[in-house]
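Grab a pencil and work through these short exercises with the model open beside you. Try each task before you read its solution.

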Amino acid sequence: QRPLFGFLGRMGCTPALAEDLAQDAFVRAWQNLARYRPEMGAFSTWLFTIARHLAINELGRSHHAREIPTAADAPEPACPQPQPPEVLARPEQVRRLQAALRTLPLADRSILALAYVEELAMADIARIEGCSVAAAKTRLTRARQRLGRLLEPSDAY
């Protein structure tokens with residue numbers, strides 16, 4: 001449940017929406033259990049596919065905010081200790097990454113989350129995304145490139 005909930009959050013769902021969609025994905029999997037074919041992939045792959053479709057349908061509607069929770073949503077420590085510069089820069093890096101991810105299309109967020117957060121095999125990603133392995137590799141490469149361009153340092157000061 002936790003990986004599915006996290007995946008939906010990285011797709012841009014609010015925590016409440018991710019919880020609803022995860023529950024709906026489990027219900028749909030239960031209702032359609034007779035359709036599951038183990039030879040086509042792991043159960044988790046099938047479940048992620050269901051959740052992905054639900055998220056894309058729901059997030060495609062204009063009334064949902066497409067936000068990824070930020071580090072700023074976490075409570076601040078009561079008395080922060082002095083930190084080395086690398087540690088102090090990390091929240092800013094996380095903020096920039098989350099902002100860049102929010103600007104990517106849902107399909108890019110999905111494939112990046114499956115590859116780098118869920119660490120699924122390319123064959124499983126292709127099944128979830130409904131494409132060939134070659135197409136999944138191409139989409140992942142293009143999503144990484146788009147994200148990289150968004151994260152490049154700006155010359156405007």
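**Exercise 1: Helix α5**

Task: work out what span is expected for α5 and how far it reaches.

Solution. Start with the residues: helix α5 covers 106-117, which makes 12 residues. Helices here are DSSP runs (H or I, at least four residues), numbered from the N terminus. Next comes the expected span, 1.5 Å times one less than the number of residues, and for α5 that gives 16 Å. Finally, from its first C-alpha to its last, α5 reaches 15 Å, close to the expected value.

Before moving on, a word on the source: this is a predicted model, where local features need pLDDT of at least 70, side-chain atom pairs count only at pLDDT 80 or more, and totals for chains, interfaces and linings use all residues. Residues are numbered from 1 along each chain as its sequence is written, and side-chain values use heavy atoms, with hydrogens and water left out.

**Exercise 2: Buried or exposed?**

Task: decide how enclosed α5 is, then zoom in on I111.

Solution. First, the cut-offs: buried means under 20% relative accessible area, exposed over 50%, and partly exposed in between (1.4 Å probe, protein chains only). Now go along the helix: L106, D108, R109, S110, I111, L112, A113, L114 and A115 are buried. That's nine of the 12 residues, so α5 is largely enclosed by the rest of the structure. I111 itself has a relative accessible area of 1%, so it counts as buried.

Then check the company I111 keeps, with contact meaning heavy atoms within 4.5 Å. Skipping neighbours within four places in sequence, I111 touches I125, E129, A136, R139, L140 and A143. Just past the helix, E119 takes a positive phi of about 55°.

**Exercise 3: The core**

Task: find which residues touch the most other members of the largest nonpolar core, and which helix gives it the largest share.

Solution. A nonpolar core is a set of buried Ala, Val, Leu, Ile, Met, Phe, Trp, Tyr and Cys residues joined through side-chain atoms within 4.5 Å. The largest one has 36 residues, and L4, L8 and C13 touch the most other members. Elements giving two or more residues include α1 (2-10), α2 (15-31) and α5. The largest share, eight residues, comes from α3.

**Exercise 4: The whole chain**

Task: sum up the protein chain by its secondary structure and burial.

Solution. Count the elements: seven helices and zero strands. Then look at burial: of the 157 residues, 33% count as buried. Last, F43 sits in helix α3 (residues 43-59), and at 33% relative accessibility F43 counts as partly exposed.
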